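Visitor: I have a structure open and would like a quick tour. Can you walk me through it?
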Amino acid sequence: MRYKSAKALSKSLIYLVLTLGAVTTILPFLWMILTSLKGGTEVILMPPRLFPSVWHFDNYSRAMEAAPLATYFVNTVVVTVTSTSLMLIVTTLAAFGFSRLKFPGRDVVFGILLATLMIPGEMLIITNFVTISRLGWMDTRAALIVPFMASVFYIYLLRQFFRKVPDTLYYAAKVDACSDWRYLWKVMVPINKQAMSTIAILNAIACWNAFLWPLMVTNSETKRVLSIGLVQFQTEAGTDYELLMAAASMLVLPIILMYLVMHKQIIKGVTQSGIKG
Amino acid sequence: MMRKRGLELGRWKGLLYVLPALVVVAVFTVYPLLRAFLMSFYTKYKFSTDTVLSYGINNYTYIFGDSVFQKALSNTFIYVLFVVPISIAISLVLAVMLNEKIRLRSFFQTVYFLPYVTSVVAMGIVFGWLFHSNYGLLNYFLGLFGIQPVQWLNRPSTALPALIIFSIWKSLAFNIIIFLAGLQTIGAHYYQAARVDSAGRWRQFSRITVPLLSPIIAYAFIIGLISSFKVYAEVYALFGGRAGPADSCITIVYYLYRQFYVNWNFGIASAAAVVLFLIILAFTVIQLRVAKRRVHY
Amino acid sequence: MKKLLATLLTVCMLLSLAVFTGAAADTQPVTVEFWHAMSGGLQNALVALTDKFNAENGLGITINLTNQGGYTDLSTKLLGAIASDTLPDMAQVYNSWIASSLDVVIPLDDFIAADFDNYEDILPGYRAEGAEFGPTYTIAFNKSVQVFFYNKTKYDELNLTAPTTWQELHDVTKAYYEATGMAAFGYDDLFGMFLQYMLQNDAGFVADGQVVFNNEKGVEAMTFLLDLFANGYARTAGEDRYLSGPFNNGLVGGYIGSSAGAAYVKPDGFEYGAAAIPVGVKPAAMQAGTNLTMFAKDPAKQAAAWEYIKFLTSTESTVYWAMNTGYLPIRQSGFESDEFQAYMETSVVARACYAQTANMAFESAFPGAQEIRNKLSSEMEAAILEGKTAEQTITDMAAAAQEILDRQ
């Protein structure tokens with residue numbers, strides 16, 4: 001009896017904490033959506049009104065007029081999908097190499113990789129811009145994809161997950177004459193499906209939202225991506241927040257959908273295969 | 001003979017796996033990094049023709065004599081000290097709760113993911129409003145307890161705490177996402193066994209969850225440390241493109257960014273980057289040492 | 001040596017000029033790449049003008065517009081382009097962006113001398129800005145000027161009129177503050193404020209790499225400014241980011257801001273007025289906005305870019321541009337055109353700008369100018385927040401600025 005009431009108490013505590021957290025988390029998001037439906041004067045009112053007095057759905061069509069969004073959308077999808085798939089392959093190989101395989105200088109090389117994380121990306125832009133133009137990749141998709149094929153961030157994360165897989169599995173596989181290559185794709189990858197899809201989502205979001213780099217290395221509208229559309233609403237003298245938020249909302253919608261779909265998939269995958277740590 | 005060569009090659013096979021990643025990192029990260037390192041010793045440099053007129057350590061002596069850089073250093077340290085541990089503690093608790101068998105679990109998980117996709121501009125504006133001295137919700141709540149309105153974003157003394165609160169909030173989503181991924185690889189049988197032993201929630205948390213999640217927690221710590229030392233976007237978003245009132249919230253990367261892209265002092269910016277790099281390196285090495293002893297694989 | 005080089009360059013320029021004027025007869029198609037930072041409605045106006053030029057120039061010239069984001073993005077991209085030698089044929093720039101890379105910019109004096117419609121017609125302030133490095137490197141394009149926005153409804157109620165001098169500014173804001181308990185003055189851009197008051201009091205700013213504002217007049221101007229803040233007559237934007245926000249909500253009685261920001265002045269329940277800014281010993285109404293510059297090395301492209309520059313700065317285009325964007329005509333004849341005169345009848349901001357055409361001053365560009373701008377902006381805010389004395393503030397600012405100048 002005591003156990004049960006304690007359990008009920010802790011359950012309600014959980015709901016309370018989660019709800020409070022959810023409210024603060026959802027507020028900026030909600031504000032973004034609601035602002036995208038407000039009129040121009042309402043946006044900058046103080047104290048702010050959460051809900052618009054008149055719902056301006058036309059903000060969305062106005063935002064869409066500002067940039068060739070259809071072209072941008074296709075480009076963004078192509079770049080995000082290609083870049084994320086390539087990143088996943090390169091990262092998986094590297095994480096496996098650094099966690100399971102041994103080769104001379106492995107830890108030193110990994111240390112150097114880790115060290116590269118410590119330099120702020122802002123420092124690298126100009127040099128990389130010059131590199132891209134020397135490679136003749138200016139205004140091409142390669143410029144948007146190749147530099148992000150390897151992410152030390154995710155190599156490191158995946159390596160941590162790979163290292164959680166017990167050694168015994170590997171030696172058992174070796175006894176069965178399973179090659180490293182097969183072991184990676186048949187054992188490691190399925191076990192770490194959850195982690196890999198998390199990485200894929202995080203990378204896809206970063207890629208989807210990336211702004212400065214795509215702007216730097218593209219010039220023609222046929223190569224540009226959605227996030228560049230966002231600058232249309234910011235000028236030196238001020239910002240059209242309602243249009244900016246409309247565009248920002250449109251930008252995140254596909255990501256949320258992707259998350260929901262993949263999320264379901266992941267949960268299903270986990271419960272079906274009954275993955276054990 | 002042949003066998004031996006096979007073995008020799010076998011030793012290097014691992015390298016093949018990491019090679020694609022190495023090439024990309026070498027070209028797009030290590031090379032520019034080395035250039036930045038060299039550039040930090042350029043004291044007279046003509047950017048348009050890429051000619052260096054003189055080398056020296058003046059950029060380093062300059063930044064260490066610069067009161068703004070000192071401010072940036074101390075702000076960044078205070079920031080890291082508060083944001084990293086607090087954010088990890090909160091997100092670990094939230095992730096464990098989100099992993100419980102609760103109603104609306106999927107809904108909650110999605111909600112906690114939202115900050116990761118919300119426009120940074122929107123977040124900055126909303127927090128600017130929460131902290132607003134006249135209309136802010138925060139001052140409203142403080143008022144309920146009889147506390148006078150605080151000029152959060154207008155005074156140098158309160159701007160940094162406001163930034164820290166905002167950053168903790170902002171960093172939760174990423175940590176929760178990776179902790180959730182980690183939690184789902186912990187087999188249910190561990191907890192079943194614990195329940196048989198009638199271990200309480202706290203014991204389950206401290207004896208099972210934390211140890212089994214330790215590689216991921218270690219990762220979150222290191223990544224949190226690295227990214228907090230590199231804080232920039234949060235400052236920019238919260239103060240609308242400034243470094244707080246009278247530059248009171250300037251951070252190392254903000255300093256570096258301004259020196260590079262606004263002031264076009266490439267040497268000084270690079271020197272600041274090298275200093276930042278060394279600081280992070282030192283902390284990461286210490287942390288990896290600690291983790292080696294503590295982390296359970 | 002430098003002189004010789006300059007002369008040689010000029011000779012080369014003239015020669016190439018001769019070549020292309022000869023070549024222009026047979027209309028070889030030329031494409032000119034133009035990088036700009038005009039977004040939203042500004043971009044629409046620029047596209048409309050450019051489409052017209054592309055369709056009607058009859059010389060086979062096509063202008064390829066590329067939006068490179070905001071000003072910061074554009075300057076970063078130009079920086080990368082300088083480093084990789086991939087500059088566009090022409091771009092919108094602030095003079096400070098090119099101050100330390102003049103060797104990649106094409107001087108325009110010969111073009112102006114050879115083929116330009118009445119250069120004297122361009123407002124003197126803009127001509128001076130274009131030639132601030134000696135040769136004319138830039139030509140004014142999207143220009144604005146600071147104007148004084150005020151709460152006309154409240155002013156009428158309190159029987160106040162827009163201040164025209166420092167004394168009036170003091171008296172009016174004092175009266176406003178005492179009647180309403182609210183600040184009546186402010187400035188979004190604190191460095192701009194500082195510079196304006198230095199110039200208005202004839203204290204000077206920087207000359208030949210030396211700080212000159214640390215004198216009695218500088219202290220006098222700073223005392224006037226800091227007193228406004230200390231008494232509560234003026235306030236900073238602070239957490240509100242832009243004063244247009246609190247102004248629209250009736251929380252500040254007036255402020256000085258760019259005429260280009262008029263679109264964001266949307267008062268909530270009152271009528272606003274706009275006037276020329278109050279003047280000191282000197283008028284110094286600060287102009288802002290970017291200019292056109294040319295990077296093309298190929299004479300054919302230079303000639304084509306020049307045709308386009310002539311088109312954009314013509315009376316007809318500049319009037320169209322001003323009426324569709326809120327920027328100002330860059331020509332006297334533009335202001336005086338029937339079209340713009342009719343437009344001014346409807347726009348209080350345009351009238352306030354026109355009243356100041358003879359008073360304009362510009363923020364000079366020199367290596368280190370951007371850094372000084374940032375540094376002094378922060379010093380100014382600190383002085384207001386910490387209640388520093390005017391003498392101390394001027395001394396600190398002068399030391400900080402001189403340190404930056406000495407490093408260049």
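Guide: Let's start with a term. Two residues are in contact if their C-beta atoms, placed from the backbone, lie within 7 Å. By that rule, 18 residues of chain B are in contact with 17 residues of chain C. Keep in mind that this is a predicted model.

Visitor: Which helix gives the largest share of the side of chain B that touches chain C?
Guide: That is helix 11 (residues 252-262) of chain B, with three residues.

Visitor: And what kinds of residues does chain B put on that side?
Guide: Eight are nonpolar, seven are polar and three are charged.

Visitor: What about A and B? How many residues does each give to the contact?
Guide: Chain A gives 73 residues and chain B gives 69. On the chain A side, several helices supply at least two residues each, among them helix 4 (69-99) and helix 14 (241-273). Helix 1 of chain A gives the most, with 14 residues.

Visitor: How do the residues on that side of chain A divide up?
Guide: There are 52 nonpolar, 15 polar and six charged residues on the side of chain A that touches chain B.

Visitor: Stay with chain A. What is its secondary structure?
Guide: Chain A has 14 helices and two strands. Its radius of gyration is 23 Å, well over the 19 Å that the globule rule gives for 277 residues, so chain A is more spread out than a compact globule. Its C-alpha atoms fill a box of roughly 75 × 70 × 30 Å along the principal axes.

Visitor: How much of chain A is buried?
Guide: Buried residues make up 45% of its 277 residues.

Visitor: What is the mean pLDDT of chain A?
Guide: The mean is 83, and 91% of the residues reach 70 or more. Among the elements of chain A, helix 7 (residues 141-145) has the highest mean, 93. Strand 1 (residues 234-235) has the lowest, 68.

Visitor: Where does the pLDDT of chain A drop below 50?
Guide: Over residues 271-277 of chain A. Beyond near neighbours in sequence, that stretch has nine contacts in the model. Where pLDDT is low, the predicted coordinates should not be read in detail.

Visitor: New topic. How many residues are in the largest nonpolar core?
Guide: That core has 294 residues. Those with the most contacts inside it include Ala94(A), Leu256(B) and Phe148(C). Helix 7 (residues 156-183) of chain B gives the largest share, 15 residues.

Visitor: What does Ala94(A) touch?
Guide: Leaving out residues up to four places away in sequence, Ala94(A) touches Ala150(A) and Ile155(A) in chain A. In chain B, Ala94(A) touches Tyr17(B), Val18(B) and Ala21(B).

Visitor: Now Tyr42(B). Is that residue buried or exposed?
Guide: Buried, because Tyr42(B) has 22 C-beta neighbours inside 10 Å, and the cut-off for buried is 20 or more. Tyr42(B) lies in strand 1 (residues 42-46) of chain B. Setting aside neighbours within four places in sequence, Tyr42(B) is in contact with Val52(B), Tyr55(B) and Gly267(B).

Visitor: How far apart are Tyr42(B) and Tyr55(B)?
Guide: They are 13 residues apart in sequence and 4.6 Å apart in space, C-alpha to C-alpha.

Visitor: Last one. How is chain C divided?
Guide: Chain C has domain 1 (2-121 + 292-329) and domain 2 (145-286 + 362-407). Their centres, taken over C-alpha atoms, are 34 Å apart. The contact takes seven residues from domain 1 of chain C and 10 residues from domain 2 of chain C. On the domain 1 side, three are nonpolar, four are polar and none are charged.

Technical notes
Residues are numbered from 1 along each chain as its sequence is written. Chains are lettered from A and ligands numbered from 1 in the order in which they are written. This is a predicted model: local features need pLDDT of at least 70, side-chain atom pairs count only at pLDDT 80 or more; totals for chains, interfaces and linings use all residues. pLDDT is the predictor's confidence in each residue, from 0 to 100. Helices (H or I, at least four residues) and strands (E, at least two) are DSSP runs, numbered from the N terminus. Ala, Val, Leu, Ile, Met, Phe, Trp, Tyr, Cys and Pro count as nonpolar, Asp, Glu, Lys and Arg as charged, and the others, Gly among them, as polar. The radius of gyration is taken over C-alpha atoms; the globule rule is 2.2 Å times the number of residues to the power 0.38. A residue is buried if 20 or more other C-beta atoms lie within 10 Å of its own, exposed if 12 or fewer, and partly exposed in between; C-beta atoms are placed from the backbone. A nonpolar core is a set of buried Ala, Val, Leu, Ile, Met, Phe, Trp, Tyr and Cys residues joined through C-beta atoms within 7 Å. Domain bounds come from an automatic or database domain assignment.
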